[in-house]
Amino acid sequence: MHHQGSPDDHAPAATADPDAHPVAAPSDEQVRRGIEAMYFAYRAFTSDPDLILDQIGYGRAHHRTLHFINREPGLTVTALLAVLGVTKQSLNRVLRALIEDGLVDSRIGSRDRRERQLCLTDKGAALERRLSQAQRARVRAAYHAAGPQAVEGFRLVLEAMMDAEMLARFHALSEPAPDRHRTAGPDPLPASERRTEAAE
């Protein structure tokens, strides 16, 4: 049994067949450029929703929470904690804001009354759609430009970077539910309701 923080806990997950695609060991320069590319790609990926989040006083933690609740309506708080990998205190702070602003509905668990199940309200679904649209368009355009072989390679690289536990959680995500969004209207949170503090 490994203790928390042991090297094995944080080792990248092994591929099913490491000899299936033998490649030369990457150079230090290739690794450095890959790290820099991820940095700038992530900046681009988050730039569009960041503009919306900043206008309503939210942060990326709110976006991530909305995303995974939207992906699996009825997700329990315990399951969401496991997916996000954050502390209960941190998640409670984000959820409290989303619930108070009418974006998330928290209900007694259908199987365990001690649990809370989370769903987006219509207003929450509209905001999640606004936040995700630009990101999906950016990723879709990049996939189209790079081609299917590069897309598959990109997925393999990302999965190989995940710790074993993260990879298991990624694979355990249920299939996304059909698009239940309605056409997004104006900013779901008027200026009078905007918060002054955003979760990072």
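Helix α6 supplies four residues to a nonpolar patch on the surface, the largest share of that patch. The structure is a predicted model. The patch covers about 760 Å² and is made by V31, I35, M38, V139, Y143, F154, V157, L158 and M161. Helices α1, α5 and α6 are the elements that each give two or more residues to the patch. One of its members, Y143, lies in helix α5. Y143 counts as partly exposed because its relative accessible area is 37%, and the partly exposed class lies between 20% and 50%.

**The nonpolar core**

The interior may be considered next. In soluble globular proteins, nonpolar side chains tend to be buried together. The largest nonpolar core in this model has 25 residues, and Y58, L80 and L127 have the most contacts inside it. Two or more residues of this core come from each of α1 (28-55), α2, α3 (77-84), α4 (88-100), β3 (116-120) and α5 (122-146). The largest share, five residues, is given by α4.

**A buried histidine**

H63 is placed in helix α2, which spans residues 60-71. Its relative accessibility is 9%, so H63 counts as buried; the cut-off for this class is under 20%. When residues up to four places away in sequence are not counted, H63 touches P49, L53, L131, S132 and Q135.

**Salt bridges**

Side chains of opposite charge can pair when their charged atoms come close. A search of the whole structure finds nine salt bridges. Three of these pairs are set out below, with the distance between the closest N and O atoms.

| Salt bridge | Closest N and O atoms |
|---|---|
| D50 and R60 | 2.6 Å |
| R155 and E159 | 2.8 Å |
| E165 and R169 | 3.3 Å |

The salt bridge of D50 with R60, at 2.6 Å, links distant parts of the chain: D50 belongs to helix α1 and R60 to helix α2, and they are 10 residues apart. D50 has a relative accessibility of 22% and therefore counts as partly exposed. R60, at 31% relative accessibility, is also classed as partly exposed.

The pair R155 and E159 is found within one helix, α6 (residues 148-161), where the two residues are four apart, about one turn of the helix. Are R155 and E159 buried or exposed? R155 counts as partly exposed because its relative accessibility is 32%. E159, by contrast, counts as buried because its relative accessibility is 13%.

The pair E165 and R169 lies in helix α7 (residues 164-172). Why are E165 and R169 separated by about one helical turn? The reason is that E165 and R169 are four residues apart in helix α7. E165 has a relative accessible area of 53% and is therefore exposed, since the exposed class begins over 50%. R169 has a relative accessible area of 39%, so R169 is partly exposed. Elsewhere, E29, R32, R33 and E36 are joined into one network by salt bridges that share partners.

**Summary**

Helix α6 thus appears in two of the topics above: α6 gives four residues to the nonpolar patch, and α6 holds both R155 and E159. Helix α2 contains H63, contributes two or more residues to the largest nonpolar core and carries R60, the partner of D50 in helix α1.

Methods: Residues are numbered from 1 along each chain as its sequence is written. This is a predicted model: local features need pLDDT of at least 70, side-chain atom pairs count only at pLDDT 80 or more; totals for chains, interfaces and linings use all residues. Side-chain values use heavy atoms; hydrogens and water are left out. Buried means under 20% relative accessible area, exposed over 50%, partly exposed in between (1.4 Å probe, protein chains only). Contact means heavy atoms within 4.5 Å. A nonpolar core is a set of buried Ala, Val, Leu, Ile, Met, Phe, Trp, Tyr and Cys residues joined through side-chain atoms within 4.5 Å. A salt bridge is a side-chain nitrogen of Lys or Arg within 4 Å of a carboxyl oxygen of Asp or Glu. Patches are made of residues with over 30% relative accessible area and no salt bridge: like charges are joined within 9 Å, nonpolar side chains (Val, Leu, Ile, Met, Phe, Trp, Tyr) within 5 Å. Accessible areas come from the Shrake-Rupley method with a 1.4 Å probe; for residues, only the protein chains shown count as cover.
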